[in-house]
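Visitor: I would like a close look at a single part of this model, taken slowly and in one piece. Please begin with one residue and work outward from there.

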Amino acid sequence: MRHQTPVTQLPSWIALGSHSTALKALHLRDLFASDPARANRFSLEAEGIFLDYSKNRITDETLALLLQLARESGLAESIEAMFRGDAINLTEKRSVLHTALRAPRTAEIFSGGVNVVPDVHAVLDKMEVFAERVRSGEWTGHTGKRVKTVVNIGIGGSDLGPVMAYEALRHYSARDLQFRFVSNVDGTDFAEATLDLDASETLFLVASKTFTTLETMTNARTARQWLLASLGDEAAIAKHFAAISTNAAEVSKFGIDTANMFGFWDWVGGRYSMDSAIGLSTMIAIGGANFRAMLAGFHAMDTHFRTAPFEQNLPVLLGLLGILYTNFFGAQTSAVLPYDQYLKRFPAYLQQLTMESNGKSVTVDSAAVDYETGAIYWGEPGTNGQHSFYQLIHQGTKLIPCDFIGFAKSLNPLGAHHDILVANLFAQAEALAFGKTSDEVRAQGTADWLVPHRTFSGNRPSNMILAEELTPEILGKLVALYEHAVFTQGIIWRIDSFDQWGVELGKVLAMKIVPELQSETEPAETHDASTNHLIRWYRSRR
């Protein structure tokens, strides 16, 4: 275990506590009025990503203290420890090497004394051959028909990453193929995903490292039954299923040819795995060249994170600003607001990345934390949110820092659509920052009784994250940007961002309850009074 000075005892943390008191009295209107160069000084462009963070409630002193906090927390040393393959996932004694998934062939990255890069590229090459066979029609099903629909069966990182990437890069996808995603153990998810499909033209990808994940394997067995009900021959399984797994025995037992099994490693956490074999559906959709462009984007941001000075480091700055609002302004949530319809699943993807990583209440030294960690992430795309929850962000009682994401060019230019979209993007950030004073409202002839209702306090912080166009490469950079911001926060909070023990207890209890729900005889009441009561209610009505 690492033994570190508690973060709350670091000089920079103590200084930020005092500084934030004065900071809360400052308004963004005044900060901009007193500093005409503020927008230039608090913005940064690197690796094709432009970050304007000038609309945050910060001064030069704030930024200096946050950067000092990063240094005092040993962030630089921790970054190097991750990249060189140290077992920084302390509770599971594992390396954290998702960065190796996108490293070039010539790189050397070691885990347990072994260079993992050749294995990574061997899997990528195998994926690309398989993907091209499906895309070209060379791969055919049991009856000789080509595949028209690919169904990815997974859950958590084995679903959220592929779904997000497919939706984000749909513009680049093969339009003669359709893609469906099944994750929920609720039978409705599978039933609706396959309702209009022809089994002879359907390929299932089953994503489960152990091939034992309850939800995934329940859906996979249902898919197997569905396919056999139509095609009738056990031999059809090998032509309509592939596996993303490391359990060759279970994959073979299922009926899948292990030649069509694609592995990954225990140093890849599920929420960091979309650029591994878990991304096979993505590669089939967009092709090998585009998938490798996405990997190049990841790698470019990895290199930037590892080498750029903290004051010019996009993920570090993003992570530190989150620390400021979570720990010194009492913000509980953070909104991610992409002004691009293709990124409609990006906030949902970030929910797992951020909240499964940093939703922790114990430090790496096994001590209870006495400060906030892990903000709640949420959001919706484009102007939709403006007609939904923006009211609360603008005039509600809660402080909600926002990340706006936008692009200079539309992938689907239609008349004035994109100019209107971007105008809304910029206007929302402006309105949040500067608001509208009561004097301004009154000057418009508004009745006195109505003035408070039409006043906007402003002083609500946001980041503006922009790129020229949404490409596979830029998507890789955006995802890596948030991955490393999450890492930055975890190091400062002294928590292990790479385990997820919090998901285990409910799964263990569910496995105990399943046979109690299905038992022909009345089960013993071994739970609390409420759970026992719920089991009785369900059994009486199922």
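Which residues does Gly 319 touch, not counting residues up to four places away in sequence?

Guide: This is a predicted model, and what follows should be read that way. Leaving aside residues up to four places away in sequence, Gly 319 touches Ala 485, Thr 488 and Gln 489. Gly 319 is found in helix 14. Its relative accessibility is 0%, and because buried means under 20%, Gly 319 counts as buried. For a sense of distance, Gly 319 and Ile 535 are 216 residues apart in sequence, and their C-alpha atoms are 44 Å apart in space.

The three residues touched by Gly 319 belong to a wider contact between two helices. On the side of helix 14, that contact involves Leu 314, Pro 315, Val 316, Leu 318, Gly 319, Leu 320, Gly 322, Ile 323, Thr 326 and Asn 327. Helix 20 meets them with Leu 481, Tyr 482, His 484, Ala 485, Thr 488, Gln 489, Ile 492 and Trp 493. By type, the residues of this contact divide into 11 nonpolar, seven polar and no charged.

As for geometry, helix 14 spans residues 314-328 and helix 20 spans residues 472-493. Their axes come within 8 Å and cross at roughly 50 degrees, which makes helix 14 oblique to helix 20. The crossing of helix 14 past helix 20 is right-handed.

Helix 14 also has a contact with helix 4, which covers residues 60-72. Here the axes come within 10 Å and cross at roughly 105 degrees. An angle of 65 to 115 degrees counts as roughly perpendicular, so helix 4 and helix 14 are roughly perpendicular to each other. From helix 4 the contact takes in Thr 62, Leu 63, Leu 66, Leu 67, Leu 69 and Ala 70. From helix 14 it takes in Leu 317, Leu 320, Ile 323 and Leu 324. The residues in the contact of helix 4 with helix 14 divide into nine nonpolar, one polar and no charged.

Leu 320 and Ile 323 of helix 14 appear in the contact with helix 20 and again in the contact with helix 4. Gly 319 is listed among the helix 14 residues that meet helix 20. Returning to the starting point, then, Gly 319 is a buried residue whose partners Ala 485, Thr 488 and Gln 489 are listed in helix 20.

Terms used. Residues are numbered from 1 along each chain as its sequence is written. This is a predicted model: local features need pLDDT of at least 70, side-chain atom pairs count only at pLDDT 80 or more; totals for chains, interfaces and linings use all residues. Side-chain values use heavy atoms; hydrogens and water are left out. Axes are lines fitted to C-alpha atoms, for helices over the stretch in contact, and angles run from 0 to 180 degrees between N-to-C directions. Helices (H or I, at least four residues) and strands (E, at least two) are DSSP runs, numbered from the N terminus. Angles under 35 degrees count as roughly parallel, over 145 as roughly antiparallel, 65 to 115 as roughly perpendicular and the rest as oblique. A crossing is left-handed if the near helix is turned anticlockwise from the far one by less than a right angle, and right-handed if clockwise. Contact means heavy atoms within 4.5 Å. Ala, Val, Leu, Ile, Met, Phe, Trp, Tyr, Cys and Pro count as nonpolar, Asp, Glu, Lys and Arg as charged, and the others, Gly among them, as polar. Buried means under 20% relative accessible area, exposed over 50%, partly exposed in between (1.4 Å probe, protein chains only).
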